[in-house]
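Reader: I am new to this structure and would like a close look at a single part. Please take me through the cysteines, and then through the sheet and the helix that lies across it.

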Amino acid sequence: MCCESKRRFLLLYATQKGQAKAIAEEIWQQAGAHGLEADMHCISEMDKYNLETEKDPVVIVISTTGTGEPPDTARKFVKKIQDKTLPPDHFAHLQYGLLGLGDSEYMFFCNGGRTVDRRLQELGAQHFYDTGLADDCVGLELVVDPWIDGLWLALKEALQLQKEKEGMNNAVNAVSSSLSTVPHAVHELKLTSEVQNLKLEDEEARGSDTLSQKLDDINHVAPARDAEPSLVHSVPPVSESALNIPALPPEYIEVEFQDAQGENPHLSSLISEGRTFEVPVTKAILLTREDAVKTALLLELDIADTAFEYQPGDAFCVICPNNVSEVEKLLHILGLSEKGDDFVCVKVKQGTKKKGAVRPQHIPERSTLKFILTWCLEIRAIPKKAFLRALVECTSDVGEKRRLQELCSRQGASDYTHFIRDSNVCLLDLLHAFPSCKPSLSLLIEHLPKLQARSYSVSSSDLYQPGRLCFVFNVVEFPAGPSRPVSRKGVCTGWLAELVAPLLHPSKNSQGTKGESSSTEKISIFPRPNNAFHLPADPSVPFIMVGPGTGIAPFIGFLQHRQKLREQHTDWQFGETWLFFGCRHQDRDYLFKQLQCFLKNGTLTHLKVCFSRDSSTAEVAPPKYVQDVLRLCAKEVARVLLKEGGYFYICGDKKHMADDVSHAVVDILSMEMEGDKLEAMKILAMLREAKRYLQDVWS
């Protein structure tokens, strides 16, 4: 039960990877300082709250996952409110404010929050506070921070209106007047670049610390002659400002070292998404030349002795570890190099002030310290401001402490975005930059998120290669820079490249023995079916595939599958197939030159390729990018989509390709229909709705 002396509101969160929960916990922590009590629950815990009878204001924080779906924890809730038999006044008594989280790199930005928001409105619920939509592409905090700042006044006004309404209800029939219309306070959020200039109604009431420092304290940060700010150094006005920093998150994890030995948990116990499969890597092929800008690899997995099933177009996830040397460095900084193989017990700290504190699900109750740092925690994660705030307390140097305070403060929002978020800084980078910072192991477990499995598109067909699964990836490279002292490879792609190196470069002395023995290397995977990105159910329907670079991966599976169908069903009618592929150089990174085989046997009707970095001596320069080639084939593209009911598939980079392709398709439709762009955009939206314009993209 909530404390009766404080005014209550219901706080619900729906999270996929923990972001929404962390923000809800921040709201819960700040509520008390404003004389309010947040009754916080995960939205899936429908036995602990009841919106049908809720009288107090409701605050909802909800993320978006996949291609625009609500998070898994919200599925039952969404299904319940989507019931079409509910009357339009079902939630007429409800007043709420909603904060949606999303990423504008993806098509359906904040669609999880928008879906819930729209449906609550349809059922008669009223906003007491404007909906906020936070964009992880530019920084959630740019919307989250001011949204929370404005929430307290809106809540107090809503509660005051509620109190006045209850007073009126005492004078009239309670039931009939409960649906009466009461004006609600709606507060517009002006979320501009001046976010950090927002003032709190009462700074002392806010659950954060206000730090005022004298100029001579600030001079500890860095010499005044340094004119440019950096990760470790600030300049005016930040360096001379009193700071508003987040409240210190309460500690809630306790770690005990144990003498007893044992076995670490199986990797499958770390995965909640379903059954995992441990499968051998049977083949590795380098698809690019050594002088190519990117290194692309194709791996083949043996799934013959498993129940793993997939269709061309599906994805699957690889469970990967953190880099061994990075784990060793972290152990060294923590002063635990000699204890990496010791078993530890992780439990909730007695007497913690954290509401509903539980051991994180991704942390085993008992395992070795090295197991936790290797398989459980995302040590490469970009530190959140709450983590920076906690690191302040672990830092002894005055200048370093001040700079960490700045980076997590309202005044230092721009520095945080530039030097931490955009620079992709991780914990190791911070500890290198701030050597007097010595965090505890429990603090890392509290603040580092779960090490996520990495998703890859299937690049094969089980019909074409029974018992085999192939996938293609670029080995991701993060070069060294001002905020990153050393270059790094991607967590999963770097690990996979190292794992299969013997297959790529067998030992000459052992005459291939080393390569053969490494074929027993196994990786753990689990399926991630795609409900839409599949071949048309009707083989006579034509389709267009656009996949530059490694975006071609699922289309290899499409073509393999189509080839086998053509061989097995000679009496079937098959629609035409188009593939638009692009890369930098024809002789360095043309990943699948065997596409010509599909072209020759008729599986692929049209192959269009372009090379963006190759020079040309032709009078008319050839097109550089796939969107340019699409425009050259405008009439055919329009015919397939508008007259023949065809499908259009895009796979690859969202930011630098998929959007440009979408714009090209709009131009093509507009030109061929002799209509305006607005009409073409409506047609494209209809194609998306009909699942005939499909994307498998990443940022």
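Author: In this predicted model, the cysteine sulfur closest to that of Cys437 belongs to Cys394, and the two sulfur atoms are 5.4 Å apart. A disulfide requires cysteine sulfur atoms within 2.5 Å, so the distance between Cys437 and Cys394 is too far for a bond. A search of the whole structure agrees with this, as it finds zero disulfides. The surroundings of the cysteines can also be described: Cys437 has a relative accessibility of 3% and counts as buried, because the limit for that word is under 20%. Cys597, at 47% relative accessibility, counts as partly exposed, because this value falls between 20% and 50%.

Turning to the sheet, six strands form an open arrangement in the order β15-β12-β19-β10-β11-β16, with antiparallel pairing. Its edge strands are β15, which covers residues 454–457, and β16, which covers 468–474, and each of them pairs on one side only. From one strand to the next, the twist averages 40 degrees.

At the β15 edge, the neighbouring partner is β12, made of residues 315–319, and four bridges join these two antiparallel strands. One of the residues involved is Val318, whose bridge partner in β15 is Arg454. Strands of a sheet pair through backbone hydrogen bonds, and they may do so in either a parallel or an antiparallel way.

Helix α14, residues 491–499, lies across β11, β12, β15, β16 and β19, and runs at about 70 degrees to β15. Among the strands it crosses, β11 spans 296–302 and β19 spans 522–528, while β15 and β16 are the edge strands of the sheet.

Technical notes:
Residues numbered from 1 in each chain as written. Predicted model: local features only at pLDDT ≥ 70, side-chain atom pairs only at ≥ 80, totals over all residues. Heavy atoms only, no water. Pairing = 2+ DSSP bridges. Axes fitted to C-alpha atoms, helices over the stretch in contact; angles between N-to-C directions. Contact = heavy atoms within 4.5 Å. Buried < 20%, exposed > 50% of the residue type's maximum accessible area, 1.4 Å probe, protein only.
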